Amino acid sequence: MTSQDTVLNPLAVALDVLRAGAPTEIMGAPAAWPRWEALLPHALAATEFASGNRDRAASITADRQAAESCAWLLDRSATYLQVFGRPREARPLAERALSIDESLFGPTHLEVSTDLGNLALILRDLGELSIARELAERGLAISETIFGSDHPVVGVRLSSLAVILRASGEAAAAREFSERALAIAETAYGPEHPTISIRLNNLALVLRDLGELSAARELTERALAIAEAAHGPYHPDVGTCLGNLALLLRDLGELPVARELSERALAPYFAHALE
């Protein structure tokens, strides 16, 4: 065994072990956040060491399983940072994940589509909307080529693109993609699945931008009911629905109810701060 082997083999094992121990779902999954908070420094250290010099980067890339684990950890770490409002730190991790997966799988693989969508949302948060849209459209095209037009994965890509279009001020286009994403989710999961709550909420935001406040309110109230039934009263998705509904009621002049909903949305955060 060479001295290089003794360095590289433990690194590959570390990447695989970290991946095996890390939750996959992060967005809208608060139960996973404490585990990710504990694992994040280790994931960042391992992935940084893997690409810290040319020899290690080349060796990890040559070890397909280790490279896949490295890309996965980079992508999930980026998503965790994005969830906690740290998109500038998330961006280089997501870019590295995309680069590795493109090298492993080629430019039209499903993993690449996922990476593109995740990086696009990070760039949305950073205000780089043109690049975000380009990446989201590329990710959508890959998914549609693989699955056709009505698959749930395509729905995820449509929803991401709609969010970016709305941020770009293109509410009419965002509505079309949001409605497609909602229809796909309802067909795939039924009308009461938690995913439906997210899709309804996103479409309601677009309708609010278009001035269709009554329709937006109806969708947001339905989204809130689904989220509360699925998660209970203190889940982030419930808080998002409450906050959005409060804004709509403010726009509609129902200020006392809007205030009550805003206070409900904030209550779990205040309680956590006082612990």
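**Exercises on an all-helix chain**

In the protein chain, 62% of the contacts (heavy atoms within 4.5 Å) with a separation of 6 or more are between residues 24 or more positions apart. The model is predicted: local features need pLDDT of at least 70, side-chain atom pairs count only at pLDDT 80 or more, and totals for chains, interfaces and linings use all residues. Residues are numbered from 1 along each chain as its sequence is written, and side-chain values use heavy atoms, without hydrogens and water.

**Exercise 1.** State how many helices and strands the protein chain has.

*Solution.* Helices are DSSP runs of H or I with at least four residues, and strands are runs of E with at least two, numbered from the N terminus. The count gives 13 helices and zero strands.

**Exercise 2.** Describe helix α6 and what covers its buried residues.

*Solution.* Step 1: α6 spans residues 110-125 and reaches 23 Å from first to last C-alpha. Step 2: its buried residues (under 20% relative accessible area, 1.4 Å probe, protein chains only) include V112, D115 and L123. Step 3: the cover over these buried residues includes α4, α5, α7 and α8. Step 4: after α6 comes G127, with a positive phi near 80°.

**Exercise 3.** Identify which element gives the largest share of the largest nonpolar core.

*Solution.* Step 1: a nonpolar core is a set of buried Ala, Val, Leu, Ile, Met, Phe, Trp, Tyr and Cys residues joined through side-chain atoms within 4.5 Å. Step 2: the largest has 55 residues. Step 3: α4 supplies its largest share, 10 residues.

Terms used: The expected span of a helix is 1.5 Å times one less than its number of residues. Buried means under 20% relative accessible area, exposed over 50%, partly exposed in between (1.4 Å probe, protein chains only).
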